[in-house]
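Please read these notes with the model open beside you, and look up each residue as it comes up.

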Amino acid sequence: MENLNYTAELSLPLESDGGKKRLSIFKVMAAYFAMSLVLELLRLAIYSGWFDGLSDMGLEAVWTVVTQIIVFTAVPAVLFMFSSGAKGFKGKLNFTAENLGLTKKVPLKVVLLSLAAGVAMYIVTLLVSSIFLSALMGTGYVPSSSDGEVDYTFPAFLLSLLLTAVLPAIGEEITHRGMLVHAFKGRGDMAAILWSALLFGLMHGNIEQVFYAALVMGVIGGIISVKTGSIVPCMILHFVNNAIAVILTYTSYEGGFGYKLQEALSNSSAAIFVFYLLAAASIFFIIVYVHITVCSMRPKSESELEA
């Protein structure tokens, strides 16, 4: 079957790396700091009660529009569009989305495996988050709770899927596995993976999410981006992971699938044992998935290109 192809274009500042054009770490981090500042100001406005008149869904819509569309798209685009190239380059340098990992062809088998791996990643995320949360509670930390009511209607579900799964899978991946990974790659693959993962975790601004977001999606996505030169598999993983959370939330009414699952994991030792087995199998599957994806999409060496 035909491969999928994704294209886009942006204008970003580059620096010289052995004759190669690479994103300037200084300018990228300056832009990322500005983006983070906008996020924190919005959080402050929310905590200060500026949006108390909005429903939970309305507040989620405002947050997502600002973070995913304005912060992770408009802010960096404007900053980079009007910035000059680094020393050694004259004027603006057009940076295509090839360096963001958006133009590379993705084999159909990788797309399908990414869908399955997204489910596995959600299970692993639950395992890691439960372990980390238990450790936090051991220090006296009290987990946060949501007192808002869920609108279980289908239109509300679709809107939540858009706000929680679709837009974050695009905006957050372009910024972290695209822009940040490419900027730090000049300092080595490990630096690109770890720094992008750390910043991705911290971006969530929630101590309960920082660890598992960085360790699971951050590291796995970073490895795939670095080794394949594409963030499309990362987008699929991110979407599926978040979509499952939305589905479970909207089936958490009494008698729903999410409700029954939560009850089983809370009261059944057998269900907990099965969960740990699934988590172990999911870890193994993710390792195999990453290997297959990297082997299927690894950039060809210069010798292979010349052959």
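**Notes on one helix, two buried side chains and some rings**

1. After helix α6 comes G229, a residue whose phi is positive, near 75°. Helices here are DSSP runs of H or I with at least four residues, while strands are runs of E with at least two, and both are numbered from the N terminus. The model is a predicted one, in which local features need pLDDT of at least 70 and side-chain atom pairs count only at pLDDT 80 or more, although totals for chains, interfaces and linings use all residues. Residues are numbered from 1 along each chain as its sequence is written, and side-chain values use heavy atoms, with hydrogens and water left out.

2. Helix α6 itself covers residues 207-228, and its 22 residues reach 30 Å from the first C-alpha to the last, close to the 32 Å expected at 1.5 Å a residue; the expected span is 1.5 Å times one less than the number of residues. The helix bends by about 40° at A213, where the bend is the angle between axes fitted to the seven residues ending there and the seven starting there.

3. At the N-terminal end of α6, N206 acts as a cap, with a side-chain oxygen 2.9 Å from the backbone nitrogen of E208.

4. Is H176, in helix α4 (residues 154-184), buried or exposed? H176 counts as buried because its relative accessibility is 0%, and buried means under 20% relative accessible area, exposed over 50% and partly exposed in between, using a 1.4 Å probe and protein chains only. Its side chain makes a polar contact with the side chain of Y32 at 2.7 Å, and also reaches the backbone oxygen of E172 at 2.8 Å. A polar contact is a pair of N or O atoms within 3.5 Å; within protein, one must be able to donate a hydrogen and the other to accept it, and residues adjacent in sequence count only if both atoms are side-chain atoms.

5. T125 lies in helix α3 (residues 108-137) and counts as buried because its relative accessibility is 11%. A polar atom of the T125 side chain lies 2.8 Å from the backbone oxygen of M121. Leaving out residues up to four places away in sequence, T125 touches Y212, V216 and N241, where contact means heavy atoms within 4.5 Å.

6. Finally, R177 lies over the face of F200, at 4.2 Å from the ring centre; such a charge must have NZ of Lys or CZ of Arg within 6 Å of the ring centre and within 35 degrees of the ring normal.
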